[in-house]
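The following exercises concern strand pairing and burial in a protein model. Each task is followed by a worked solution, to be read alongside the sequence and coordinates.

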Amino acid sequence: MKRILAASILLLAAITAGAQRFADFMSEIGSVLVAPGQYAPLPRAGEAFWRDSVPQTVRQSYIKYGERYAGQPWTALPATVFAEFKTNGNRVNYEQLCFEKRRQLAALAMAEVAEGKGRFIGDVVNGLQSLCEETWWGIPAHYGKKVPVSGDQTVDLFSAETAGLVAWTAYILGPQLDKFTPLLCQRVKGEIQRRILTPALKTNYWWKTAGMNWNPWICSNWLACVLLCESDRQRQVEAVSQILKALDAFTDSYKADGGCDEGPGYWDRAAASLYECMAMLDAATNGRINLRGNAKIKAMAQYCYKTYIGNGYVLSFADSHDNRYMQQLNIVYPFARYMGDQTMRQFAAYIGADKDFLHQAATLYDKSGNFPTLGRELFFLSTIGDFLREQPREPLLSNVWLPDLQIWTARTPITHHPSPITLFAAMKGGTNGESHNHNDVGQVVVYADGEPLLIDPGVGEYTSKTFSGERYSIWTMQSGYHNLPQINGCDQKDGKQYGARVVGVKSNQLTLDIAGAYPEQAAVSSWKRTVKLAARQVTVTEQYVLKAWQAPTRLMFMTTVEPVIAHQGTIALGNHALNYNPDQLSATVEDISPKLDPLLRGMWGQKMYRIVLTVMSHDTKGKIQYSIR
């Protein structure tokens, strides 16, 4: 679907799409885009809206959150800590300091909006000044030098995200900051021009044509800075033209099913950041850019609940840093409202009810990203009247099939049994050349009663290895630590050429041939894996043809429930069990808990185990069946 954003301008301006080249769009954008300095999509702090429309309990939550930081010093970001990424590969130490400092500013800004008495302005002034004094706003993993230098203002995710935070702070608190001194907002706009607006406009960054989160994530912050801080009309129009072109490249990369191959954890910075851009452009063009009816973007929005498991859990395929509610309330609801998606609106209301938004608003705000996203929170609160009238409902879809991404899910509620249970199963095909890829073609996930049985571990803390040639030396990236076969002693191989073939799909069953995900050394001609969800069990059938038997084939299963080999043929998993044929398979259990880093322990707890079922036969053809009851 080529140039859906650019074409929308032409169509809505009553010009035939394709009648002129993209370079000519600038004149059309100029005819519909708000003038510099005139973009005012939200009421500013001190206006009646914040007092009259936002419930007192919500405002009080933000105020208490801000009070934690009131009067606190502003952290310096040491060059020696920045340099650790180059010296020992650690990126977490600097990020924690950097993100906490931005969290402090976001908390104080929101507290002042909520209270409106000027009590937090002094702290905000000091925070903005401190951020303006930083050499560079990004993180060391995205920088070419050991320490930042003022002459290299590379635009990365977090230099853009910081610029967005600073720009929204200066906008929403502008009158109060100007009362202290107009020089501060002038400084802020000058720093944003130097650090973001000029380099983003003049540099042909790789992310401008990328089909992954960097593109819309940066564009959403770049666009906010353009609309709020750019004073030159020509530069404003040229920047918006480039942003539209970049977003076209992003949406073109998506298939019709709207699936995010980076994993559900990146949805809120992929499709959701695309929405942010659409919402700002809608407001900045008086509705002339409007993509509410676009089928692909609708599918991209739906991905957030199509990968929802239940009980707050979400699928953790690929580089997921969490396994619960990665879909943030302050972006799910506005996106749902924009697209007119009732299921998504009710999902947002369910999250709000489940997390007690009315009394714990700041808790959700604090967890809305690496640091709180002020712009998103402000836009969300501007719709709070509608939000509070929504009917909460968990999106427990009976089955999902995303044919392009090859993700299948099924759910079976049991209502006729004395002890009713709900089983959820998911399976992933695709390739091992996806963005934020793990070697996980054919991965199976099983949850029972809303709790995990067979899991996808996700990803641990990022290090210098994560996005390097050593990526697949990390255990979480390897197929051997997914619920997959190790064929003839071989794990899967990374690369787009290693993938699955769909054999057959039904609402309660998926069959993939995953032989293509393995290297030639695995000597496998065919490996058809069928996952079927029935009344009270998930059944997996492995039907295979080998070119030769070279080494024992092992079936791996990851779980956080301590497996107990009750007897040959049954492995107890709490109240459930993995049943297999002991004439075909022998079982062992490995405690891999020592491999867990703090991030993985935060996701899954202190314990993780790998069950290994070894195929005893040396035959080159076979059929193995086992079940999770």
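**Exercise 1.** In which sense do β12 and strand β13 (residues 524-533) pair, and over how many bridges?

*Solution.* The model is a predicted one.

Step 1. β12 and β13 pair in the antiparallel sense, and five bridges connect them.

Step 2. Two residue pairs illustrate this register: Thr-511 has Thr-530 of β13 as its bridge partner, and Leu-510 stands opposite Val-531 in β13.

**Exercise 2.** Identify how β12 is connected to strand β11 (residues 501-506).

*Solution.* Step 1. The pairing of β11 with β12 is antiparallel and comprises five bridges.

Step 2. Within this pairing, Gly-504 has Thr-511 of β12 as its bridge partner. Thr-511 is also the bridge partner of Thr-530 in β13.

Step 3. The connection between β11 and β12 is a hairpin through two residues.

**Exercise 3.** Determine whether the residues of strand β12 (residues 509-513) are buried or exposed, and examine its faces.

*Solution.* Step 1. The criterion for a buried residue is a relative accessible area under 20%. By this criterion, five of the five residues in β12 are buried.

Step 2. In a regular strand, side chains alternate between the two faces of the sheet.

Step 3. One side of β12 carries Gln-509, Thr-511 and Asp-513, while Leu-510 and Leu-512 lie on the other. These residues are all buried, so both faces of the strand are covered.

**Exercise 4.** Place β12 in its sheet, and explain which strands stand at the edges.

*Solution.* Step 1. The sheet is open and consists of eight strands in the order β11-β12-β13-β14-β21-β18-β17-β16, with antiparallel pairing.

Step 2. The edge positions belong to β11 and β16 (563-567); because each has a single partner strand, one side of each lacks a neighbour in the sheet.

Step 3. From one strand to the next, the twist averages 15°.

**Exercise 5.** Apply the analysis to the open sheet of five strands.

*Solution.* Step 1. The strand order is β3-β4-β5-β7-β8, and the pairing is antiparallel.

Step 2. β3 (399-402) and β8 (451-454) occupy the edges; each has a single partner strand, and therefore one side of each is without a neighbour in the sheet.

Step 3. The average twist from one strand to the next is 15° in this sheet.

Step 4. Within the sheet, strand β4 (residues 407-413) runs antiparallel to strand β5 (residues 422-428), and seven bridges join them. Opposite Trp-408 stands Met-427 in β5.

Conventions
Residues numbered from 1 in each chain as written. Predicted model: local features only at pLDDT ≥ 70, side-chain atom pairs only at ≥ 80, totals over all residues. Heavy atoms only, no water. Pairing = 2+ DSSP bridges. Helix = DSSP H or I, 4+ residues; strand = E, 2+ residues; numbered from the N terminus. Axes fitted to C-alpha atoms, helices over the stretch in contact; angles between N-to-C directions. Buried < 20%, exposed > 50% of the residue type's maximum accessible area, 1.4 Å probe, protein only.
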